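Visitor: I should like to take a close look at a single part of this molecule. Would you please guide me through the sheet and what surrounds it?

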Amino acid sequence: MTERRNAADNLSKSLQGLRVLDFSTTIAGPHCTRMLADMGAEVIKVESADGETMRTRPPLRNGCSTVFGQLNAGKKSLVLDLKSPGAVEVIRRLVASADILVENFRPG
């Protein structure tokens, strides 16, 4: 391998071992967590059953948003109703094991 290739591999794994919980929607948050995933972090995206709004944004390919796909590549995904007691318990366990939490909910 070349020195340049080794440097690229090291950069892409620089956050390996970190766990990120991603509650974000609409471009800024998903873009941030995509970069963390690209650098090796384990990113767990948590969505409601309706899914985040970016899932339906054009351009669409086979009914799926290409922007959503680009912003969320490399992430694990979890669907939860955050208002249900069972989901709250799951989130508490995940938060206890997470290093980073990203959210961009509306106020309130």
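Guide: The following account begins with the sheet, then turns to the helices beside it, and ends with the charged pairs and one residue after the last strand. Please keep in mind that the model is predicted.

The sheet is open and consists of four strands in the order 5-2-1-6, with parallel pairing. At its edges stand strand 5 and strand 6, each of which pairs on one side only. From one strand to the next, the twist averages 20°. In general terms, the strands of a sheet pair through backbone hydrogen bonds, and the pairing may be parallel or antiparallel.

Consider the pairs one by one. Strand 1 and strand 2 run in the parallel sense and share four bridges. Within this pairing, Val 20 stands opposite Val 43 of strand 2. Strand 2 also pairs with strand 5, again in the parallel sense and over four bridges. Here Glu 47 has Val 79 of strand 5 as its bridge partner. Strand 1 is mostly covered, since four of its five residues are buried.

Helix 4, residues 85-97, packs on the sheet. This helix touches strand 1, strand 2, strand 5 and strand 6, and its direction makes about 140° with that of strand 1.

Helix 2 (residues 28-38) may be considered next. Its buried residues are Gly 29, Pro 30, Thr 33, Arg 34, Leu 36 and Ala 37. Because these residues cover an arc of only 160° around the axis, they lie on the same side of helix 2. What covers them includes strand 1 (19-23), strand 2 (42-47), helix 3 (66-72) and strand 6 (100-103). After helix 2 comes Gly 40, which has a positive phi, near 105°.

One residue of this helix, Arg 34, deserves separate attention. Its relative accessible area is 19%, and a residue is called buried when this value is under 20%; Arg 34 is therefore buried. Leaving aside residues up to four places away in sequence, Arg 34 touches Gln 70, Leu 71, Ala 73 and Lys 75.

Lys 75 leads to the charged pairs. Side chains of opposite charge can pair when their charged atoms come close. The model contains seven salt bridges. In one of them, Lys 75 pairs with Asp 22, and the closest N and O atoms are 3.0 Å apart. Lys 75 lies in the loop between helix 3 and strand 5 (76-79), whereas Asp 22 belongs to strand 1, so this salt bridge ties together parts that are 53 residues apart in sequence. Both Lys 75 and Asp 22 are buried.

A second salt bridge joins Glu 42 and Lys 76, with 2.7 Å between the closest N and O atoms. Glu 42 is in strand 2 and Lys 76 in strand 5, 34 residues apart, and the pair thus links distant parts of the chain. Glu 42 is partly exposed, with a relative accessible area of 23%. Lys 76 is likewise partly exposed, at 48%.

Another salt bridge is formed by Glu 52 and Lys 45, whose closest N and O atoms are 2.6 Å apart. Glu 52 counts as buried because its relative accessibility is 5%, and Lys 45 counts as buried because its value is 2%. Asp 22, Lys 45, Glu 52 and Lys 75 are linked in a network of salt bridges.

Finally, let us turn to Asn 104, in the segment after strand 6. With a relative accessibility of 30%, Asn 104 counts as partly exposed. Asn 104 and Ser 24 are 80 residues apart along the chain, yet their C-alpha atoms are separated by 5.1 Å. Residues up to four places away in sequence again being left out, Asn 104 touches Phe 23, Ser 24, Thr 25, Thr 26 and Gly 29. Gly 29 is one of the buried residues of helix 2 described above. In addition, the side chain of Asn 104 reaches the backbone oxygen of Thr 25 at 2.6 Å.

To draw the parts together: the sheet has the strand order 5-2-1-6, helix 4 packs on the sheet, and strand 1 is among the elements that cover the buried residues of helix 2. Strand 1 also holds Asp 22, the salt-bridge partner of Lys 75.

Conventions. Residues are numbered from 1 along each chain as its sequence is written. This is a predicted model: local features need pLDDT of at least 70, side-chain atom pairs count only at pLDDT 80 or more; totals for chains, interfaces and linings use all residues. Side-chain values use heavy atoms; hydrogens and water are left out. Helices (H or I, at least four residues) and strands (E, at least two) are DSSP runs, numbered from the N terminus. Buried means under 20% relative accessible area, exposed over 50%, partly exposed in between (1.4 Å probe, protein chains only). Contact means heavy atoms within 4.5 Å. The arc is that of the directions from the helix axis to the C-beta atoms. A polar contact is a pair of N or O atoms within 3.5 Å; within protein, one must be able to donate a hydrogen and the other to accept it, and residues adjacent in sequence count only if both atoms are side-chain atoms. A salt bridge is a side-chain nitrogen of Lys or Arg within 4 Å of a carboxyl oxygen of Asp or Glu. Two strands pair if DSSP finds at least two bridges between them. Axes are lines fitted to C-alpha atoms, for helices over the stretch in contact, and angles run from 0 to 180 degrees between N-to-C directions.
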